[in-house]
Amino acid sequence: MAIPLPPSQAGVSSSASGPSRSGTSILLIDDEPVARRSLAGRLTKMGYRVLEAVDGVDGLAAIRREHPDLIIVDWMMPQMDGPTLCERLRSDPELATSQVIMMTSHDQPEQIAEGLARGADDFLSKAASKQEIVARVQAGLRTHALVRQLERTRDDLDCSNRALVGKQRVLDEDLASSARFVHSLLPEPGAPAPGASMAWRYLPSLTLGGDLFGVAKWGEEHLGLYMLDASGHGVSAALRAAAMVTFLHPDNLARVVGGHDPVAIVTEANRRFPMTADGDYFTLWVGALHLPTWRLRSVSAGHGGAFLSVPGRPTTWLSQSNLPLGFDPEAGYVALEQDMPPGARIYLLSDGVYETMSPDRELWGRERLQQVVEARAGESIEQVIDACFEASRAWQRADHFTDDAAMVGLERNREASIVKREQ
Amino acid sequence: MKITQREYKQAIVLDLIGDLTYDNRGTFKEAVERVKASACRHLIINMEKVQFLDSSGLGLMALMSQNLKLNHIRLSVVNPQSYVREIMNLANIAKLVPIYNSEDDAVSDRGRAAA
């Protein structure tokens with residue numbers, strides 16, 4: 001029968017006389033003082049800092065207080081036995097990874113199985129030799145060291161993850177703010193000039209897109225239209241696209257180009273926006289609609305997304321085989337000219353609308369888009385654009401576009417509709 | 001995208017398989033840089049098995065043509081598929097990089113597409 005020590009005596013430390021292991025602590029929990037002190041003496045000679053406790057309750061308090069590297073606990077004890085102590089440890093998240101060696105007088109397989117099932121990591125016979133004690137203690141401490149290393153790695157990862165989540169939140173807020181800015185650059189749908197109606201849809205691929213467009217009065221007599229594509233994706237492309245929008249602002253064009261002729265605009269843009277060292281550049285379609293005559297002059301610099309839809313006539317794509325901006329500073333550009341009779345529509349679109357792939361890698365393409373537009377010619381601009389987006393999404397069987405998808409429609413109103421609106 | 005390199009007459013041919021896009025630009029750039037580091041004087045890009053070329057891929061090709069020109073290396077493109085050819089025509093890329101229908105035509109500079 002063991003004599004329980006008062007709590008103040010639990011956790012007695014011994015000086016190390018063997019190899020330098022004084023930083024490594026082992027808690028011995030045994031109600032038999034002779035056996036406990038005998039083993040404590042051996043471990044102390046091996047250089048460990050040894051703590052002692054007299055039963056499970058006392059031991060649990062020492063574990064919470066001292067966090068020993070290894071626990072050696074007797075099976076049979078008053079108040080709380082070894083297996084119960086193990087169960088308490090395993091159910092406590094702070095102590096669950098403690099390394100526990102259970103001491104037994106017997107080494108019956110059933111008893112070992114029960115001890116393992118209830119939370120022991122290893123067993124040690126009370127009759128074990130010094131060599132076996134050394135081996136099992138060292139094995140337990142190795143496991144403890146590995147578990148602590150894993151816990152430190154986990155803690156480091158948790159810490160890094162929290163920092164990353166915080167930084168990501170800041171980045172997301174910046175991206176959202178930038179996206180709102182980019183969105184503010186887009187024109188208001190409605191009537192950009194007397195006798196004209198305009199609508200658009202824009203779905204950037206990664207919150208921020210490199211495709212932007214504009215429809216604005218250029219001086220008293222012209223309506224300017226453009227669709228630009230900054231190659232690449234994300235923030236870099238959006239920043240470059242915003243820079244191009246600034247260049248294409250009517251006041252800036254008047255100052256640096258001296259007018260609103262598409263050839264002069266594209267030529268100057270080609271000079272001012274050379275290809276970057278990473279191979280980034282712009283494609284651009286620019287049109288100037290002369291409102292008194294409804295004559296459109298346009299230039300395409302590698303951009304394929306504009307076409308004219310006139311009732312009763314075949315669709316006319318307003319694209320040319322021209323170098324994109326920045327490929328060659330000496331590149332020359334020539335304008336196309338078209339008339340816009342009443343009811344005619346110009347559609348501008350980013351390649352993200354029609355360069356969509358079906359699951360078996362077939363491209364939707366401009367021809368299919370044109371078919372949708374022609375089939376819906378009697379519907380409103382909004383309905384036509386929505387139909388194009390819907391058909392393109394259905395083709396790729398996806399809810400989202402992989403690239404920026406933008407489409408703008410501008411209609412010269414029929415005379416009747418003008419009269420109707422004026423009424 | 002998968003890129004394999006082989007020799008054909010006096011040229012090195014890069015056979016491209018897959019899409020030449022923003023996501024694959026690093027692979028393409030590395031393959032061209034390897035050729036640039038060799039003693040090759042003519043690089044042929046075989047685009048027969050390229051299904052799609054986006055604006056980044058196109059820009060990279062223009063950039064590579066400029067870089068190779070500075071290193072006195074000819075760059076040719078052969079056999080682009082119809083849609084890839086359409087994209088290249090729209091950007092008038094033939095003005096910078098000659099496009100041929102075969103490697104023999106590229107080596108002998110015959111039958112290039114009009115710039």
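1. A residue is counted as buried here if 20 or more other C-beta atoms lie within 10 Å of its own. By that criterion, buried residues account for 43% of the 115 residues in chain B. The model under discussion is a predicted one.

2. On overall dimensions, the C-alpha atoms of chain B occupy a box of roughly 30 × 30 × 25 Å along the principal axes. For 115 residues, a compact globule would be expected to have a radius of gyration near 13 Å, and chain B agrees because its own value is 13 Å.

3. Chain B contains four helices and five strands. Read from the N terminus, its elements follow the order β-β-α-β-α-β-α-β-α. Of the contacts in chain B between residues at least 6 apart in sequence, 67% link residues at least 24 apart.

4. Helix H3 of chain B, residues 82–90, deserves separate comment. Its buried residues are B:Val84, B:Ile87, B:Met88 and B:Leu90. Viewed down the axis of H3(B), these buried residues lie within an arc of 160 degrees, and they therefore line one face of the helix.

5. Which elements of chain B do the buried residues of H3(B) pack against? The partners are strand E3 (42–53), helix H2 (55–70) and strand E5 (99–100) of chain B. Just beyond H3(B), the residue B:Asn92 adopts a positive phi of about 50 degrees.

6. The two chains meet through 15 residues of chain B, which are in contact with 19 residues of chain A. On the side of chain B that touches chain A, the elements giving two or more residues are H2 and H3 of chain B. H2(B) supplies the largest share of that side, six residues. Sorted by class, the side of chain B that touches chain A comprises eight nonpolar, six polar and one charged residues.

7. A helix pair in chain A also merits attention. Two packed helices are described by the angle between their axes and the distance between the axes. In chain A, the axes of helix H2 (residues 56–66) and helix H3 (residues 82–90) come within 10 Å and cross at roughly 30 degrees. The crossing of H2(A) and H3(A) is right-handed.

8. Which residues form the contact of H2(A) with H3(A)? From H2(A) come A:Gly56, A:Gly59 and A:Leu60, which meet A:Gly82, A:Thr84, A:Leu85 and A:Arg88 in H3(A). By class, the residues of this contact comprise two nonpolar, four polar and one charged.

Conventions. Residues are numbered from 1 along each chain as its sequence is written. Chains are lettered from A and ligands numbered from 1 in the order in which they are written. This is a predicted model: local features need pLDDT of at least 70, side-chain atom pairs count only at pLDDT 80 or more; totals for chains, interfaces and linings use all residues. A residue is buried if 20 or more other C-beta atoms lie within 10 Å of its own, exposed if 12 or fewer, and partly exposed in between; C-beta atoms are placed from the backbone. The arc is that of the directions from the helix axis to the C-beta atoms. Two residues are in contact if their C-beta atoms, placed from the backbone, lie within 7 Å. Ala, Val, Leu, Ile, Met, Phe, Trp, Tyr, Cys and Pro count as nonpolar, Asp, Glu, Lys and Arg as charged, and the others, Gly among them, as polar. The radius of gyration is taken over C-alpha atoms; the globule rule is 2.2 Å times the number of residues to the power 0.38. Axes are lines fitted to C-alpha atoms, for helices over the stretch in contact, and angles run from 0 to 180 degrees between N-to-C directions. A crossing is left-handed if the near helix is turned anticlockwise from the far one by less than a right angle, and right-handed if clockwise.
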